[in-house]
Amino acid sequence: MDDPTSRSRFRPEATSKPREISVTLHVNGEQRTLAVAPWTTLLDALRDRLHLNGTKKGCDHGQCGACTVLIEGRRVNACLTLAVMKDGAHITTIEGLSADGALHPLQQAFIDHDAFQCGYCTPGQICSAAGLLAEGKAKTADEIRELMSGNICRCGAYPNIVAAIQQAMGAMGSKS
Amino acid sequence: MTYIGTPTPRVDGRAKVTGSAQYAGEFTAPDLVYGSVVTSTIAKGRIARIDASQALAVEGVLDVLTHENRPKMASGDKGYNDEVAPTGSPFRPLFDDKIKFNGQPIALVLAEEWEISRFAATLVQVDYDAETHSTDLHTRIDKAYMVEKPDKPRGNAAKAHAAAAVRHEAEYYIPIEHHNPMELFASTVTWNDGGKLTVFDKTQGVQNVQRYICGIFGLKPDDVRVMSPFVGGAFGSGLRPQYQVVLAVQGALQLKRAVRLVLTRDQMYGLGYRPATIERVAIAARNDGTLDAITHEAIAMTSQYEEFSRNDTSWSALLYKSANAKYEHKLARLDVPTPSDMRAPGAATGVYALECAMDELAVALKLDPVELRLRCYSDRDQNNDLPYTSKQLKECYRKGAEAFGWAKRTPEPRSMRDGTDLVGWGMATGVWEALQMPMGNRIVLTANGHAEVSCATSDIGTGTYTIMAQVASDALGLPIDNVTVKLGDSSLPHSQVEGGSWTAASVAYAITTTADEIRRELLALAQKMPGSPLAGLKHDDVVLSDGMIVAKAAASRSVPLADAMRHGGVERIEREKLSEFKEDNKHARNTHSAIFVEVKVDEQLGVIRVTRAVNAVAAGRIINTKTAASQIMGSVVWGIGMALHEETLVDHAFGRVMNANIAEYHVPVNADVHDIKVIFVEEPDSTVNPLGIKGVGEIGIVGVAAAVANAVYHATGKRVRDLPITIDKILG
Ligand code: FES
Ligand code: FES
């Protein structure tokens, strides 16, 4: 066994951590008040503070879409959003999409079409698709492909994701 | 009820679509500490001085570990060995002051909050004594040395080449590619009383990680439990234990607290990757398309400390009938981390070159590319002169071509158009091995008709949970909802790492052999019942079906398993078995595929789109036609990425990756992928294993990049041999 000698350490003048600010977030219909530092992203606040780990971190740089949540119904990359910017906002995460154990039509459609493998991009895909449906812009498969291109799936489930969104579009369209 | 062979939806689907599936970096503990890694900014040399005082001065920082103060680690190579390690001296994170590659971990900052650790990591000051490094394969070709990997040569290839009527020879190039699974590499280690560790790790082999951690830190297997219930993609990157698990354990041992360490995306470019490889292929042929010789030479990169090499070359004359063949595999050592397995390692690269070369030969011979492959079709493994357990490749060509509409192809390049787009149709063959491994398995059957099936294997998105449930349901005659699957836990029965496409065949065989013993026990119990309708039958005379033990000869002779167990006063039957396959040296075991691709190329802009792909696969019996089709589809997407997008770019002046992120390392996005059709060709095979399973994890990518490249040639008349085929190469 190799045992490196331990260094003695002196601590120069301490750098204190940033002051925390109180924010209130309405997450999945629940009001949550928490104190966060200004440098905390909405993504880290959801995952590390509120323990809502359904929202994923794939890059932390707005490049992959794994962290997509709905803020006031619009799809947003939670890793590019500071929590303190969203005081008072209404946020829906993947955990809030299904109501009373009944799956959202998109969730069901993703299972039906096997629109994932590892599942890591899936919450972001589904939240993004929910935002897409609300936008009402995508009508054709090509438009869905284009407008879902902010959500990377390294498992390559894209054709099944498009099919699942089309199924949910049909199901939700016929309901309204 | 039979589940095998049906499109059974994933049993873990609900967990994944509701966000309840928990991945390695999402487990928590009271008192959790967050880690951040500091990585080297030089490629070779040593750390002259490392000063963490500014980082330690940040409020909330608990410690900074470096090679100078980390916990004790093994001093010999053996302590760092893992079951997938290539020959060499494995990398030891934070062991000493030596720098072996740019992006090497050199310090771990531990703090009460993740943001604090990340900030403090930027304050660690490092001075280096740098040495001259070398990271460019192209400048080290003359230093490359031979590895004894490929199959033996046959005949006299040189002589046959010299006498050939038609000869094609070319060099192909595949750059460094990174796996980039969506989940960041992460480990959460909890420190429990007395120093027992639970390690939640992103890995394809929990028991491999367990042995590795025990080896490094001198811990007993009972004190380290490794778990990975869900893995957010890995594609080979999780076969070997990665450095974050070592650092997280170091942190936990040092602080005697739980530590979570999640790498950043750019730090993941300091892990394994597909090595840049130069492939030289020469084919000698007669005018009728008969091959006389194939020579295939590969020159790949490896690190200074390990020799990573996979079979790139011997696919060439395994696949096609050729009297003479010669293979060479060389390695060039560079100041880089060791490459690693990445989806179909060796074949994705080697068969890319071979299948482009075959296309070029078809052009030279004025033969249809499918026709050329049929003329040199081989029913035997050419390298070992063995028959296959099964090989339905001809049927792949036929079915694939038919589904694609290949007959309508006009052979001349630039002869097909769609408006302003040039249209190209290309094809290629794929081949992989049907491997199988010894696997342990435990089944616990309870009298209420529920079963728990467990094995320490992984589900990295491949569908292992689901196929284990299907096979167990069929073997035990239970509805799938009554079967619970446990995996990804080192305390479960033995498993090899999940890789090489061997998991489905191996785990299915393990389950059926364990279920055999359960059936034997159930029959014995049923026969003890007074006036048993199963009296006198042997265990092979009965099956388990619909919750009953049923005579094969007469379905009316049956006993509900609950009755048999309760009558015998047995509440549960538990059996555990390690299943090994019988040695078979008389057959070759392979999977095959035929890929057909359409590209459309904008003539002015050079933009290439893959508009259609058909992949016809012969891989024995398919356990789950839904999840297997997803694997093939995902592999085709990988092939598109390999052909058109993926390339890790190194600034050789610094020996550092320039595009270490997923905005500049391009992977296919939704808009890049269009119509993909997957066909499973019937391939009954009772020789490979009793269920006839061969595995589909790799076969789907092999040949895809070649089919795309061949289609691009057909569209444009331009032959681009170095991947990826980007716009500049088309217009240039
Ligand atoms: S984690 Fe936010 S876009 Fe990747
Ligand atoms: S399902 Fe694995 S990344 Fe999309």
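**Group meeting: the contact between chain A and chain B, and side-chain pairs in chain B**

Chain A and chain B bury about 6000 Å² between them, and 55% of that is on carbon and sulfur atoms. Buried area here is the accessible area, taken with a 1.4 Å probe, that two parts lose on being put together, summed over both.

Before I go on, this is a predicted model: local features need pLDDT of at least 70, side-chain atom pairs count only at pLDDT 80 or more, and totals for chains, interfaces and linings use all residues. Residues are numbered from 1 along each chain as its sequence is written, chains are lettered from A and ligands numbered from 1 in the order in which they are written, and side-chain values use heavy atoms, with hydrogens and water left out.

Back to the interface. Chain A gives 65 residues to the contact and chain B gives 81 residues, where contact means heavy atoms within 4.5 Å. Between the two chains there are 6 salt bridges; a salt bridge is a side-chain nitrogen of Lys or Arg within 4 Å of a carboxyl oxygen of Asp or Glu. One pairs A:Asp114 with B:Arg10, with the closest N and O atoms 2.6 Å apart.

Which elements of chain A give two or more residues to the side that touches chain B? They are α1 (42-49), α2 (105-112), α3 (122-135), α4 (141-147) and α5 (158-175). Helices are DSSP runs of H or I, at least four residues, and strands are runs of E, at least two, numbered from the N terminus. The largest share, 5 residues, comes from α5(A).

Next, the aromatic rings. Over all chains there are 17 aromatic pairs. Rings of Phe, Tyr and Trp (its six-membered ring) pair if their centres lie within 6.5 Å; planes under 30 degrees apart are stacked, over 60 edge-to-face, and the rest tilted. B:Phe235 and B:Trp638 make a tilted pair, 4.6 Å centre to centre with 50 degrees between the planes. B:Phe235 is in the loop between β12 (224-227) and α6 (243-255) of chain B and B:Trp638 is in helix α14 (residues 625-644), so the pair ties together parts 403 residues apart in sequence. Both B:Phe235 and B:Trp638 are buried, which is under 20% relative accessible area; exposed is over 50%, and partly exposed is in between (1.4 Å probe, protein chains only).

B:Trp315 and B:Trp432 are stacked, because their ring centres are 5.7 Å apart and their planes are at 25 degrees. B:Trp315 is buried at 3% relative accessibility, and B:Trp432 is buried at 5%. One aromatic cluster joins A:Tyr120 to B:Tyr23, B:Phe230 and B:Tyr465.

Last, charged pairs. By the same salt-bridge rule, the count over all chains is 59. B:Arg280 and B:Glu171 form one at 2.9 Å, N to O. B:Arg280 sits in strand β14 (residues 277-285) and B:Glu171 in strand β9 (residues 166-174) of chain B, so the bridge ties together parts 109 residues apart in sequence. B:Arg280 is partly exposed at 29% relative accessibility, and B:Glu171 is partly exposed at 40%. Both belong to a network of salt bridges with B:Glu297 and B:Lys330.

B:Glu576 and B:Arg442 form another salt bridge, 2.8 Å from N to O. Is each partner buried or partly exposed? B:Glu576 is partly exposed at 48% relative accessibility, whereas B:Arg442 is buried at 18%.
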